[in-house]
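Student: I am new to this structure and would like a close look at a single part. Please take one helix and its surroundings, and then show me how the rest fits around that part.

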Amino acid sequence: MIYTDSGNGNKIPLISLIAILSISLTVNLPGLAVSPILAKLQEIFPHTSTLETQMLTSLPNLVIIPFILLSGKLAKGKAQTLILAIGLCVFAAAGILYFFAKSMIMLILLGCVVGVGCGLVIPLAASMIAVYFTGRRNVWALGLKSGTSNAAVIVATLFVGWVAAYNWHLSFLVYLVPVIPILLIPFMTPGYICSHAQPPINMTAEAVHGSKTPATRPLPAKGHKLALRLLAGVIALYIICTYATIAVSYSLPFAMDHYGFSSGAVGIATAMFFISATLAGFTLPFMIKGCKSWTILISIAISAAGLLLVSLFHSMWIYIVGIFMTGYGYGIVQPIIYDKTTSIAPDKAHANLYFSYVLTGNYIAISCAPFFIKLMAIIFHTSTTASPNFTFFLNAAIMGLLLITGILLRKKYVFSVDPVSTAARHRPAPKPVKKS
C-alpha cells in the first residue's frame, strides 16, 4: 500500500487522500451544466421568461448557502461520513432525474435539489483534509483540493459544450460526478484511515473525533471571541477576493463582445481563469517557499494587475494573460484561506462548522456580485453596457485598496502566510493542567 505523510507523525493511505480529494470534483458543478445551453433551453421551452432561465444558474447557488451552514452544524466527528453520503446521494439522484425533465419548472426544482446535496458536501471537502493533515502538509493538501475543484470545472465545461450539440439532456451527465466519491467513501471513513495508517491512529484521538485532549482543549470564552474575530477577518478577505475575481464570469463575455470577439474567443479567455486557478493550487507550496511572508500580498497584486490589464487593453493575448493572472492570484489565496480556517477552529471537531461560515461568505460574494456591480454603476452614473470596462476598473481598484491595506497590516493574522504559528500567537495560552 502507498502512503502519504500527514504532518501529524503518521502516514495515511494515498487512496484515502485521493478519495477525500474526489469530493472536490463536485463542489463547483451547480449551475455549470445549464450555463452553456441557456440559449438552447430558451428555444426548447419558448414560453419561459428570461428570469426563469436565469434561475437555472442562480437558484442552486442560493440554495447551497443554508445547507452549507446546516452541514457545518451537523457534520462533526463520526457524523461527517453520514452527512457526506447523504449529500452525495441527493446530488447524484438529482443528476439522474434531470434525464426525465420535460419542463422548465422541473429543471428549476432539480437545480434546488442539486443545491441541497452540494451544500451538505462543500464544507466537508475541506474539513476532512483538516482532520488528517497538519501544518505544511495541510496547506499542500488544500492546494490539491483547490486545483482538483477548478480542474473539474474545466473538464466539465468542455464536456457540456461537446455533448450539448447532440442532446441537451446529455449535458446533465456532469451531475453524475458524485458517483465517484460515493464509490470511494469506504476509503475515507475514520475506521479505514486510522486502522491502515502508519503507525495506526488511536480511534479516540482528537485528530479523528475532536475529543478534548489537553493539547486541543477548546478555548475559553475570551478565546472563542478572539477566534471568531480572526475568522471574520478571513471571511472578509475571502469575500473581497471572490467578488473581485468573479467579474471574469459575469463581465468578460459582454466586454469581449463589445470589442468584436467571437463566443469561442470568450470561452477560451474565460477558461484561462480556471486553468490558472488549477495551476495555482498545484504550485502553492513553491509559491509560499519563494514569496514567504509576502505570498498573500503578491497574489493580490497579481490579480489586481490582471484585472487592470483586461480593463486597459483589448487584444486576445492581453485578455488571456490578464485573466490568467487574475485566476492565478485567486488560486493561491483560496487554499491559504482554507488553511487559516483550520488553524482558527478551537479543535478539529469544529473545523467543519468554521469552514461552513467561510464558504457561506464565498457563495454570498458569488450571488451578490451582479447586484453590487449594478449598484456601483448607478453610484458612478455609468452603465456596464455603455462602459464594459467599468467592472474591471472597479475591481482592480478594490484589489488595489486591499493590497494597500494588506501592506499596512502584513503582520496581522489575516495577511500572514503561516496560519498555524500566527494563530498560536493570537490565542491565549491554555491553563496548565493541575496534577492530582
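**A close look at H6 and its surroundings**

Tutor: Start at serine 24, which sits in the loop that links helix H1 (14-22) to helix H2 (38-44). Keep in mind that this is a predicted model. Serine 24 has a relative accessible area of 0%, so the residue counts as buried. Leaving aside residues up to four places away in sequence, serine 24 touches Ala125, Lys145, Thr148 and Ser149. Two of the helices to look at next are H5, residues 104-132, and H6, residues 135-163.

Take H5 and H6 as a pair. Their axes come within 10 Å and cross at roughly 155°. An angle over 145 degrees counts as roughly antiparallel, and H5 and H6 are therefore roughly antiparallel to each other. Their crossing is right-handed. On the H5 side, the contact uses Ala125, Ala126, Ile129 and Ala130. On the H6 side, it uses Asn138, Ala141, Leu142 and Lys145. By class, this contact has six nonpolar residues, one polar and one charged. Look again at Ala125 and Lys145: both take part in the meeting of H5 with H6, and both are touched by serine 24.

The spacing along a helix is worth a short aside. An α-helix has 3.6 residues a turn, so residues three or four places apart point the same way. Keep that in mind while reading the residue lists.

Now step back to H1. Within this helix, Ser16, Leu17, Ala19, Ile20, Leu21 and Ser22 are buried. Their cover includes both H5 and H6. Strand E1 (3-5) and strand E2 (11-13) are also among the elements that cover them. So are helix H7 (179-184) and helix H8 (190-196).

H6 has another partner, helix H13, which spans residues 316-344. Here the axes are 9 Å apart, and the helices pack at an angle of about 130°. H6 and H13 are therefore oblique to each other. This crossing is right-handed. From H6, the contact takes in Gly135, Asn138, Val139, Leu142, Gly143, Lys145, Ser146 and Asn150. From H13 come Gly331, Gln334, Pro335, Tyr338, Asp339 and Thr342. The classes divide into four nonpolar, eight polar and two charged. Asn138, Leu142 and Lys145 of H6 appear in this contact, and they also meet H5.

Follow H13 to threonine 326, which has its place in that helix. Threonine 326 is buried, with a relative accessible area of 0%. Not counting residues up to four places away in sequence, threonine 326 touches Thr245, Val248, Phe273, Ile302, Ser303, Gly306 and Leu307. Ser303 and Leu307 are two residues to remember. They belong to H12 and take part in its contact with H15.

That brings us to helix H12 (residues 295-312) and helix H15 (residues 390-408). Their axes come within 8 Å and cross at roughly 160°. H12 and H15 are therefore roughly antiparallel to each other. H12 passes H15 in a left-handed crossing. The H12 side of the contact consists of Leu297, Ile300, Ala301, Ser303, Ala304, Leu307, Leu308, Val310, Ser311 and Leu312. The H15 side consists of Phe392, Phe393, Asn395, Ala396, Met399, Gly400, Leu402, Leu403, Gly406 and Ile407. By class, this contact has 15 nonpolar residues, five polar and no charged ones.

Ahead of H15 lies a loop that follows helix H14 (351-379), and serine 383 is in that loop. Serine 383 has 31% relative accessibility, so it counts as partly exposed. Serine 383 and isoleucine 373 are 10 residues apart along the chain, and their C-alpha atoms are separated by 9.7 Å. Compare a pair with a long sequence gap. Aspartate 257 and proline 388 are 131 residues apart in sequence, yet 9.4 Å apart in space, C-alpha to C-alpha. Aspartate 257 belongs to helix H10 (residues 221-258). With a relative accessible area of 56%, aspartate 257 is exposed.

Finally, set these parts in the whole. The protein chain has 16 helices and two strands. Of its 436 residues, 53% are buried. Among contacts with a separation of 6 or more, 79% join residues 24 or more positions apart. The accessible surface comes to about 18,900 Å², and carbon and sulfur atoms hold 72% of it.

Notes
Residues are numbered from 1 along each chain as its sequence is written. This is a predicted model: local features need pLDDT of at least 70, side-chain atom pairs count only at pLDDT 80 or more; totals for chains, interfaces and linings use all residues. Side-chain values use heavy atoms; hydrogens and water are left out. Axes are lines fitted to C-alpha atoms, for helices over the stretch in contact, and angles run from 0 to 180 degrees between N-to-C directions. Helices (H or I, at least four residues) and strands (E, at least two) are DSSP runs, numbered from the N terminus. Angles under 35 degrees count as roughly parallel, over 145 as roughly antiparallel, 65 to 115 as roughly perpendicular and the rest as oblique. A crossing is left-handed if the near helix is turned anticlockwise from the far one by less than a right angle, and right-handed if clockwise. Contact means heavy atoms within 4.5 Å. Ala, Val, Leu, Ile, Met, Phe, Trp, Tyr, Cys and Pro count as nonpolar, Asp, Glu, Lys and Arg as charged, and the others, Gly among them, as polar. Buried means under 20% relative accessible area, exposed over 50%, partly exposed in between (1.4 Å probe, protein chains only). Accessible areas come from the Shrake-Rupley method with a 1.4 Å probe; for residues, only the protein chains shown count as cover.
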